[in-house]
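Let's work through a few short exercises on pockets and packing. Have the model open and try each task before reading its solution.

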Amino acid sequence: MTERQDVRRNRELLLAGGEVIFREHGLHVPLQLIADHAGVGRGTLYRHFPDRERLVLAMVTRRLELIETRLAAASDAAHSVPEIFDWIADTLSAIPGLHPYLATTAQGPATLTLLGQRLQDLLAGPIRVAQQQGLLRSGVTFDDFLAGWAMIEGSLLAVAPESRAWMAIRAKHLIHSALFADSA
């Protein structure tokens, strides 16, 4: 394995470790737990992610890249809108609080704005076509999707961790019924 491959592998291990550790223990755990889970040392962790903010930013950016990949692979982007909605809702449900945390950091607000614009650019066309095909309720826009995701994440932060699975299912169902037509 070349040094460059090793660097990429370690970064991926740290991002995956962040997903697991934050999901299991919450966002404010010692970052050393992530390094341990990834099987790398503290120096490797901090070379890739000098602080929690940079790790969370990379995790959120990675999620957006996964959405890009899903849309690029979709044979019918409009019909993939419900799947993308559910996938984003599920990722928000897995680690609630990532976006509110980023909103309080130095680089977070500007990065969230850029990522939000990138997400809108990705989904605007499929949402428009889904609207034209009657897959969405009348008048539903990208902003409604953003509001739905924010409501799901917010509802999870308002309940005890042991109630989050039930709340995620219920919130997703309610938002889904508000966005998508009966035939979706």
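**Exercise 1.** Work out how the lining of the second largest pocket divides by class.

*Solution.* Start with the classes: Ala, Val, Leu, Ile, Met, Phe, Trp, Tyr, Cys and Pro count as nonpolar, Asp, Glu, Lys and Arg as charged, and the others, Gly among them, as polar. Sorted that way, the lining has eight nonpolar, five polar and three charged residues. A pocket here is an open set of 1 Å grid points, over the protein atoms alone, where a 1.4 Å probe fits, with protein on both sides within 12 Å along at least five of seven lines; lining residues have an atom within 4 Å of a point. Helices are DSSP runs (H or I, at least four residues), numbered from the N terminus, and H1 gives this lining the most, four residues.

This is a predicted model: local features need pLDDT of at least 70, side-chain atom pairs pLDDT 80 or more, while totals for chains, interfaces and linings use all residues. Residues are numbered from 1 along each chain, and side-chain values use heavy atoms, with hydrogens and water left out.

**Exercise 2.** Do the same for the largest pocket, and find its main contributor.

*Solution.* First, the classes: 14 nonpolar, four polar and two charged. Next, the contributor: H8, with six residues. Finally, of the 20 lining residues, Leu92, His99, Leu112, Leu119 and Leu146 lie nearest the centre.

**Exercise 3.** Which residues does phenylalanine 22 contact, leaving aside neighbours within four places in sequence?

*Solution.* Look for heavy atoms within 4.5 Å. You'll get Leu27, Val29, Leu31, Ile34, Arg52, Leu55, Val56, Met59 and Ile95.

Technical notes:
Helix = DSSP H or I, 4+ residues; strand = E, 2+ residues; numbered from the N terminus.
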